[in-house]
Amino acid sequence: MTYDIDDRGYYGEFGGAFIPEMMYNNIKELANNYLKILEDKKFKDEFNSLLKNYVGRPSPLFFASRLSEYHNTRIYLKREDLNHTGAHKINNTIGQILIARRLRKSRIIAETGAGQHGVATATVCALMGMKCVVYMGQTDIERQSPNVLRMKMLGAEVVPVNSGNMTLKDATNEAIRDWISNPVDTHYIIGSVVGPHPYPDLVTRLQSVISEELRFQVKELTGEENPDYIIACVGGGSNAIGSFFNYLDDVNVKLIAVEAAGKGVTSGETAATMITGRPGIIHASRTMLMQTDDGQITEPYSISAGLDYPGIGPVYPYLHKTKRVFFGNVTDDEALEAAFRLARLEGIVPALESAHAVAWLGKHKFRKNDIVIVTISGRGDKDMETYIKYMDENIS
Ligand SMILES: *Cc1c(COP(=O)(O)O)cnc(C)c1O
């Protein structure tokens, strides 16, 4: 079984590139060149060298003994939180800035929700001496202010977006508009496996380094070829597909994608796209989408800015339909509780997004001997305000 895109950029009936004519040349240039560039030896050497010496890869796989005891199974944490800039997003931005350079672009634009992708983009722009403009919803600017300050220190221009509910979806719309107005010198670094073809495939390939490392780390730590479970949170789905990619054909490895339920999947305040959505087109891609009966996009909600997106990468409805990936969901409160559990049992403060993956451990009965991988997609520094508030109200 193959889970690759077809030559038109589709996973089954999902994906594609529903773009305005004005974007056609940009997308075509990227689609025609990205595979050639990714397979070029000089590109690979440069990418791998930066991942090793700048990002600090491979990221550790850590046996969490106290958390394992708590859940009565064997839990290993894939530590993407230890990457430079504190999340998995940098894997993708390093790859894309190298591609942008080969396409002779001098200006980079990006959208950001939690600010992690904005920081990762501003970082590689500083590293390569490129101009950087980051679009960010006003709501997110207010709830993720440390990351806004970091982007500014790194020399990026942060443009506030005041349309919609002023979060990730709206920032993405603005970035697309910018690209249409600046088609020649600009590359758009999308931060997840979303958007028009070739972005879902491009970002998947760049993030697949996570499961490439897991393949040898699991063997080294456990002596087994394969884990029993891999669990990751899903906003657009880049840390999850990166964690799953090299195991897609190993059907005995159970792959769990955890969505943000917000205040509950039936509460009307949720970001659980796979349960509450229907097929539709968002950001030029046909995928599952949270929408009203007449097809207007519903405003998503999650306490976690990185999961607060009404769509999902087009590979996911396909992986869901083919039953290769199981979808779980976790509420705000469950995620907060799991974040404190991980902090106090293992000394690791996760990003709120990653805490959703950790919380799913409590929603499933594992066997004592199962090997369970949880991807910690990022660190929790940016979420301290939310954590402190929760602590003051709930924990002594
Ligand atoms: C952006 C982000 C996510 C969600 O994005 P995906 O593309 O679904 O991985 C998850 N965790 C962290 C820490 C993030 O910064």
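I began with glycine 235 in this predicted model, and found that a backbone N or O atom of glycine 235 lies 2.8 Å from an oxygen atom of the ligand. I then turned to glycine 236, where a polar backbone atom is 3.2 Å from an oxygen atom of the ligand. For serine 238 I looked at the side chain instead, and noted that one of its polar atoms lies 2.7 Å from a ligand oxygen atom. With these contacts written down, I looked up how much of the ligand is covered, and the protein turns out to cover 96% of the 380 Å² of accessible area that the ligand has on its own.

Next I asked myself where the ligand sits. I found the ligand in the largest cavity.

I went on to the residues of the shell, of which there are 16 around the ligand, and wrote down that Lys89, Ser192, Gly237, Ser238 and Ser377 come nearest. Sorting the shell by residue class, I recorded three nonpolar, 11 polar and two charged residues.

How is the chain divided? I noted domain 1 (11–51 + 89–203) and domain 2 (58–86 + 208–394), so written because the bounds come from an automatic or database domain assignment. The centres of domain 1 and domain 2, taken over C-alpha atoms, are separated by 22 Å. For the contact between them I entered 39 residues from domain 1 and 40 residues from domain 2.

Finally I returned to the ligand with the domains in mind, and asked which domains the shell around the ligand draws residues from. I found that at least three residues of the shell come from each of domain 1 and domain 2.

Methods. Residues are numbered from 1 along each chain as its sequence is written. This is a predicted model: local features need pLDDT of at least 70, side-chain atom pairs count only at pLDDT 80 or more; totals for chains, interfaces and linings use all residues. Side-chain values use heavy atoms; hydrogens and water are left out. A residue is near a molecule or strand if one of its heavy atoms lies within 4 Å of it. A polar contact is a pair of N or O atoms within 3.5 Å; within protein, one must be able to donate a hydrogen and the other to accept it, and residues adjacent in sequence count only if both atoms are side-chain atoms. Accessible areas come from the Shrake-Rupley method with a 1.4 Å probe; for residues, only the protein chains shown count as cover. On a 1 Å grid over the protein atoms alone, a cavity is a set of points where a 1.4 Å probe fits but cannot get out, and a pocket is an open set with protein on both sides within 12 Å along at least five of seven lines; lining residues have an atom within 4 Å of a point. A molecule sits in a cavity or pocket if more than half of its atoms lie within 2 Å of its grid points. Ala, Val, Leu, Ile, Met, Phe, Trp, Tyr, Cys and Pro count as nonpolar, Asp, Glu, Lys and Arg as charged, and the others, Gly among them, as polar. Contact means heavy atoms within 4.5 Å.
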